[in-house]
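Welcome, and please open the structure in your viewer. We will begin with the whole chain and then zoom in on one helix.

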Amino acid sequence: MSERAHLVVPAESSGSRLDRFLSEHHRELSRSRLQALIDEGNVQVDGRPAKASLRLRGGERIELIVPDPLPAQAQPQDLPLTILHDDSDLLVVDKAAGMVVHPAAGVPDRTLVNALLFHLDDLEGIGGELRPGIVHRLDRDTSGCLVVAKNQRSLVQLQESFRSREVEKRYLALVHGAPERDVWTLDTPYGRHPTQRTRFTTRDPVGAERRAISHLEVVERYPGASLIEVRLETGRTHQIRVHLSESGHPLLGDREYGGGRREGRLPAADPVRRAAGAIGRQALHARLLAFDHPTTGEHLSVEAPIPNDFAAALAILRA
């Protein structure tokens, strides 16, 4: 269980920054840890997530949520693992929907990292004990291509390739409705939702605000739904889900960002509702990763086949 602490800001703390106030009252937590908790939405002031730079007036009620500590080291577990590319420096896996990438609060094991440690002999220690070899992440319910480094040099170079936007990342998404254009780009501010700490938004985000860029193209149109290919220029958490939802076209099956509400208003026999039921998760698949190999310089392009649940949803819509 997460620990929760509650504070009322005294009048003499008026004018203090939120992060400094918390560091004075929670000396057991480092400044960097407090900053991370604030950025993650785990600090709420009068019921709303707040920025570290917030100036307090006195009288505010602060809630601080500290997630349970993670295990010191991930353990190998014999879990299914589909490998799309494998060499001495890296591998690309086809992550299954429902699998978390690495141990995190509330998910101590049965992650992709646990599977990797079982299937690979020399991964431990590369990039940290809980995220060995992990270059980037996919949401739990997103399937598809994910690259893993097998040594520290490859990890550093691949992470730099992602940071410098040299990696091509293409996704397939099934969305509600019919976008007006066939091809368009979304370039928006991006950050934590102001009232719902597990969500992100392009509209007045709190915390560390960043920029998010998605390039979109309609592949197929159906009554009430569309198949879209998304090319990510940036890779923010939940970026595709937020961009599509706040554009009026949430992913099928995405309960957190509006897809579930739309489906609940449809008749049971409606093909879009049936398709969402067939996939049973957010309809998002990481179809392709393309990048220059960190050692050989060879351009690699790896594709993950459409999984069965996504294919079943497509079959319903196409019919």
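Here is a short tour, from the overall fold down to single residues.

**Stop 1: everything.** Keep the whole protein selected, and bear in mind that this is a predicted model. Coloured by secondary structure, the protein shows eight helices and 14 strands. Its radius of gyration is 21 Å, close to the 20 Å that the globule rule gives for 319 residues, so the protein is as compact as a globular protein of that length. Turn the C-alpha trace along its principal axes and you will find spans of about 65 × 50 × 35 Å.

**Stop 2: surface and interior.** Switch on the accessible surface: about 15,300 Å², with 46% belonging to carbon and sulfur atoms. Buried residues account for 50% of the 319. Of the contacts with a separation of 6 or more, 66% link residues 24 or more positions apart.

**Stop 3: helix H4.** Now select residues 152–163, which form H4. Twelve residues at 1.5 Å each should span 16 Å, and the end C-alpha atoms are indeed 16 Å apart.

Which residues of H4 are buried? Show the side chains of Ser154, Leu155, Leu158, Ser161 and Phe162. These cover an arc of only 130° around the axis, which puts them on the same side of H4. The background is simple: an α-helix has 3.6 residues a turn, so residues three or four places apart point the same way.

**Stop 4: the cover.** Add strands E6 (90–95), E7 (143–149), E8 (168–176) and E13 (284–292), which are among what covers the buried residues of H4.

**Last stop.** Step just past H4 to arginine 165, where phi is positive, at about 65°.

Note on methods
Residues are numbered from 1 along each chain as its sequence is written. This is a predicted model: local features need pLDDT of at least 70, side-chain atom pairs count only at pLDDT 80 or more; totals for chains, interfaces and linings use all residues. Side-chain values use heavy atoms; hydrogens and water are left out. Helices (H or I, at least four residues) and strands (E, at least two) are DSSP runs, numbered from the N terminus. The expected span of a helix is 1.5 Å times one less than its number of residues. Buried means under 20% relative accessible area, exposed over 50%, partly exposed in between (1.4 Å probe, protein chains only). The arc is that of the directions from the helix axis to the C-beta atoms. Contact means heavy atoms within 4.5 Å. The radius of gyration is taken over C-alpha atoms; the globule rule is 2.2 Å times the number of residues to the power 0.38. Accessible areas come from the Shrake-Rupley method with a 1.4 Å probe; for residues, only the protein chains shown count as cover.
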